[in-house]
Amino acid sequence: MTSAKERVLWHEKRLNAVGMKTVGGKRDWQARGIAIDTRLLCDGDMFVALRGARQDGHAYIQHAHEKGSPVALVSLESVDIPSSMASILVDDCEDALRAMASYARTQSQRVICAVTGSVGKTTTKELIATALSCQADVHKSTGNYNNALGVSIALACLPVDGGYGVFECGMNHKGEIETLSRWLRPDIAVITHIREAHSAFFSSMEDICDAKAEIFSSTRHDGWAVLNRDDAFYERLEGKARDRGISNIMSFGKHKDATMRLLSYERSTGRGRLCYRGETPLSFSLNMMGEHNAMNMLIALCVVKICGLSMTKALAALATHEALEGRGMVLEIPLPEGGSVTLLDESYNASPASMAVALQTLTDIDSKKPKGRRIAVLGDMDELAEPRMRHEELAHVIAKLAIDAVVCCGTWMAYCASMLPTEKRYAYVDNVHRAGDTLCAFVRDGDVVMIKGSASQNMGTIRDRLYALNRGVGEDGALRQRGRTT
């Protein structure tokens, strides 16, 4: 089997098939991937010079060449391109990417799985890829490449040969997922959960549900829908799938009628039991915190079953899967004066539902010190209808949990801070930089810290301030991802 690094995805002849051609440099170029950011570009990638409001990719062509890009896709005629680098001139680079993506999907023999939902999309996509890749070749979208541009890039890199493709589909407006579904034409459509997210752009939860159900619009009629049996909108989603001609429905959850059912889960150990269609129960172990991740694992196992692959092999692979930075990764961070802090890194994004889950997970993590405190550092949740009320409601959630101190930052989090019980409210500051300073001055050996806020709040800045605490600690001061003992 050809490895991903060796596989040639694009060359002159294939480019001609989508109505484009090389206009400068060598015609015998070969590209093994596509990049729009030179910081993420790998040797052999085609560089796409996108023009944005803040940056123009044409200014980075030389850098792309130095990093090993053999060819540049450009939309400007008067741009300096190294003579040893091929160039492709188009009217619009994004339109060109979409054409390449459409062609790649048409040519590929892969089974395509598309994942959407209000929460857990990226983690679920990664878990599906892990469960499949131990048994077959898998192509997946990178990081959270889940919008029109991201899906175009990931799909344009889809190999021709057999195997699987796993893609994430995001949205904040009606019609976005319908477009992505049309490009992907999934064989398997997954909806993780329906929760309040981007509610500022929708009039009701039913509208959010219907927008997510757009994933069925171009799903194959002989394909599958994978749905959350515990979700309040299960029947609505099942009806939407059947209305689109999809009769194969597989469900997951704790509900007695779930196809892939969670029978038990121990928060302290990550171990549990599940069963498929009432068959003999199977034991599992997760290296990730939280029952929500056990649910995401069930989705991966649904896909494994649909694909006719081994559950045993998938469970073994999933037992070693580690959370991503910003999405539930747990780290031990050494302190200069000795000891360490445990960090639950949920910094990437936030909604009311994911906040509640992360706060519960914070209380579930075992502390290495009996007097270790549970500290939540929270930033604004964006794109919500009635944001003041949602942030005030969060304070009521925190009040019921064994959380010792809360640091709030941002405009809307001021309302959360004002409603917190006095004994839990440690500080309110107006920006992430001050929040980072406050946290670093406050933490001590044995503390467990959780950081979470919407992507626009740059909560990763606070995480990085914690990372910086261990500088100069010495050889033994490396960051260590905490795993469970299995």
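Start with strand E8 (residues 111-116) and strand E10 (residues 164-168): the two pair in the parallel sense, over five bridges. Keep in mind as you click around that this is a predicted model. For one spot to zoom in on, pick Ala-114, whose bridge partner in E10 is Phe-167.

Now widen the selection to the whole sheet around that pair. You should have nine strands in an open sheet, ordered E9-E10-E8-E11-E12-E13-E14-E15-E16, with mixed pairing. Colour the two ends next: strand E9 (138-140) and strand E16 (282-285) are the edge strands, and each of them pairs on one side only. Walk across from strand to strand and the twist averages 20 degrees per step.

Stay at the E16 end and add helix H10 (residues 311-318). H10 lies across strand E14 (260-265), strand E15 (271-276) and E16. Line up your view with E16, and H10 runs at about 25 degrees to that strand.

Next, hop over to the other sheet. Here five strands form an open sheet, again with mixed pairing, in the order E2-E7-E6-E5-E4. Its edges are strand E2 (22-24) and strand E4 (33-35), each pairing on one side only. Neighbouring strands in this sheet are turned against each other by 35 degrees on average, if you ignore direction.

Zoom in on the E2 edge. Strand E7 (residues 86-89) is joined to E2 by two bridges, and the two strands run antiparallel. Show side chains for Thr-22 and you'll find Ile-88 of E7 standing opposite.

Last stop: a helix pair. Select helix H11 (residues 352-364) and helix H12 (residues 387-399), which pack at an angle of about 20 degrees with their axes 11 Å apart. Since angles under 35 degrees count as roughly parallel, that makes H11 roughly parallel to H12. Rotate until one helix sits in front of the other, and check the handedness: H11 passes H12 in a right-handed crossing.

Which residues meet between H11 and H12? On the H11 side, select Pro-352, Met-355, Ala-356 and Leu-359. Facing them from H12 are Arg-390, Leu-394, Val-397 and Ile-398. Colour this contact by residue type and you get seven nonpolar, no polar and one charged.

Notes:
Residues are numbered from 1 along each chain as its sequence is written. This is a predicted model: local features need pLDDT of at least 70, side-chain atom pairs count only at pLDDT 80 or more; totals for chains, interfaces and linings use all residues. Side-chain values use heavy atoms; hydrogens and water are left out. Axes are lines fitted to C-alpha atoms, for helices over the stretch in contact, and angles run from 0 to 180 degrees between N-to-C directions. Helices (H or I, at least four residues) and strands (E, at least two) are DSSP runs, numbered from the N terminus. Angles under 35 degrees count as roughly parallel, over 145 as roughly antiparallel, 65 to 115 as roughly perpendicular and the rest as oblique. A crossing is left-handed if the near helix is turned anticlockwise from the far one by less than a right angle, and right-handed if clockwise. Contact means heavy atoms within 4.5 Å. Ala, Val, Leu, Ile, Met, Phe, Trp, Tyr, Cys and Pro count as nonpolar, Asp, Glu, Lys and Arg as charged, and the others, Gly among them, as polar. Two strands pair if DSSP finds at least two bridges between them.
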